[in-house]
Amino acid sequence: MGLLSNRIDKKSLKPGDHIYSWRTAYIYAHHGIYVGNNTVIHFTRRGQEFGTGTVLDLILVSSGPAQSQLHCPTCTPPEEGNGVVSSCLDCFLAGGILYRFEYAVSPALFIAKARGGTCTLAVTDPDDLVVHRAKYLLENGFGCYNVFKNNCEDFAIYCKTGLLVLDHSVGRSGQAISIIGGPLAAVLSTPLRLVTTNIYGMAATAVGMYCASRYAADIGIRMDAVKVPVEDLTRRLAAGLLQVIEPQHLAATAH
């Protein structure tokens with residue numbers, strides 16, 4: 001692993017690894033926790049890797065893996081469970097390449113990896129605790145899936161670190177920050193046209209703002225991130241004290 005790629009071989013996997021695989025055209029990556037015995041626990045939207053209830057789904061569906069008509073006996077049936085599912089490694093990868101998410105990276109390396117969703121400044125907890133969290137959430141759920149606020153990468157990062165931003169308006173995941181941070185940086189840099197007409201200067205400023213927004217939003221540096229034991233997390237979810245509410249128009253379009 002390094003600056004250019006986090007790609008790894010299956011033989012180097014160990015329980016507690018946060019892994020991911022890019023889907024077609026690198027539009028998005030699906031994340032999960034490897035728990036050993038060729039098994040991955042990951043968070044979905046009722047068995048689907050994605051789902052927003054918007055026109056964005058047309059793009060995501062085209063980049064997602066083809067759905068097999070034959071059910072794998074190792075994997076959780078899509079219609080069962082609470083969104084957190086268990087899959088064999090091959091079904092999780094869906095023909096894609098295996099990557100390992102990096103933790104405790106330096107600020108320089110974090111910024112150099114321009115694409116979000118590949119690394120974090122946060123420090124991982126011991127592997128046995130990571131596996132415990134993933135298995136506990138498999139039985140008890142991780143709340144309501146939301147592609148921007150509570151997605152598969154958020155699930156994996158929580159399993160690895162135990163960190164949550166309890167009142168977050170944007171998810172902890174690098175992918176969510178990349179989707180929102182890019183356009184936001186472009187908008188914020190627009191007033192610079194009043195100062196300079198140099199398109200290269202404006203582009204450099206937009207890139208700088210994008211990198212700064214990713215850095216400031218990373219779970220490893222946020223001051224409002226707190227450690228939440230997994231048992232406490234599920235109790236809060238069950239009591240309605242902590243939740244990510246799926247908008248009504250999304251629930252109406254769910255399958």
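Me: What do buried and exposed mean here?
Reply: It comes down to relative accessible area, and keep in mind that this is a predicted model. Buried is under 20% of that area, and exposed is over 50%.

Me: Which residues does the face of H4 turned away from its buried side carry?
Reply: Start with the other face: Val130, Val131, Arg133, Ala134 and Leu137 of H4 are buried. They cover an arc of only 160 degrees around the axis, so they sit on the same side of H4. The face turned away from that buried side carries two exposed residues, Asp128 and Glu139.

Me: Why would buried residues of a helix share a side?
Reply: An α-helix has 3.6 residues a turn, so residues three or four places apart point the same way. For H4, the arc taken up by the buried residues is only 160 degrees.

Me: How far apart are the end C-alpha atoms of H4?
Reply: H4 covers residues 127–140. At 1.5 Å a residue, its 14 residues should span 20 Å, and the model agrees, because the end C-alpha atoms are apart by 20 Å.

Me: What do the buried residues of H4 pack against?
Reply: Part of the answer is the sheet, as H4 packs on it and touches E2, E3 and E4. The buried residues of H4 pack against those three strands and also against H5, strand E7 (225–227) and helix H8 (230–239).

Me: In what order do the 5 strands of the open sheet come?
Reply: The edge strands are E4 and E5, each pairing on one side only. At one end, E3 (residues 39–43) is joined to E4 by 5 bridges. At the other, E1 (residues 18–22) and E5 pair over 2 bridges. The pairing is antiparallel, and the order is E4-E3-E2-E1-E5.

Me: What angle does the direction of H5 make with that of E2?
Reply: H4 also packs on the sheet, and its direction makes about 110 degrees with that of E2. H5 (residues 152–161) touches E1, E2, E3 and E4, and its angle with E2 is about 35 degrees.

Me: Is strand E4 largely enclosed or open, and how many of its residues are buried?
Reply: Val84, Ser86 and Cys88 point one way from E4, Val85 and Ser87 point the other way, and all are buried. So E4 (residues 84–88) is largely enclosed by the rest of the structure, with a buried count of 5 of the 5.

Me: What is the bridge partner of Phe43 in E4?
Reply: E3 and E4 run antiparallel, joined by 5 bridges. In E4, the residue that partners Phe43 is Val84.

Technical notes: Residues are numbered from 1 along each chain as its sequence is written. This is a predicted model: local features need pLDDT of at least 70, side-chain atom pairs count only at pLDDT 80 or more; totals for chains, interfaces and linings use all residues. Side-chain values use heavy atoms; hydrogens and water are left out. Buried means under 20% relative accessible area, exposed over 50%, partly exposed in between (1.4 Å probe, protein chains only). Helices (H or I, at least four residues) and strands (E, at least two) are DSSP runs, numbered from the N terminus. Two strands pair if DSSP finds at least two bridges between them. Contact means heavy atoms within 4.5 Å. Axes are lines fitted to C-alpha atoms, for helices over the stretch in contact, and angles run from 0 to 180 degrees between N-to-C directions. The expected span of a helix is 1.5 Å times one less than its number of residues. The arc is that of the directions from the helix axis to the C-beta atoms.
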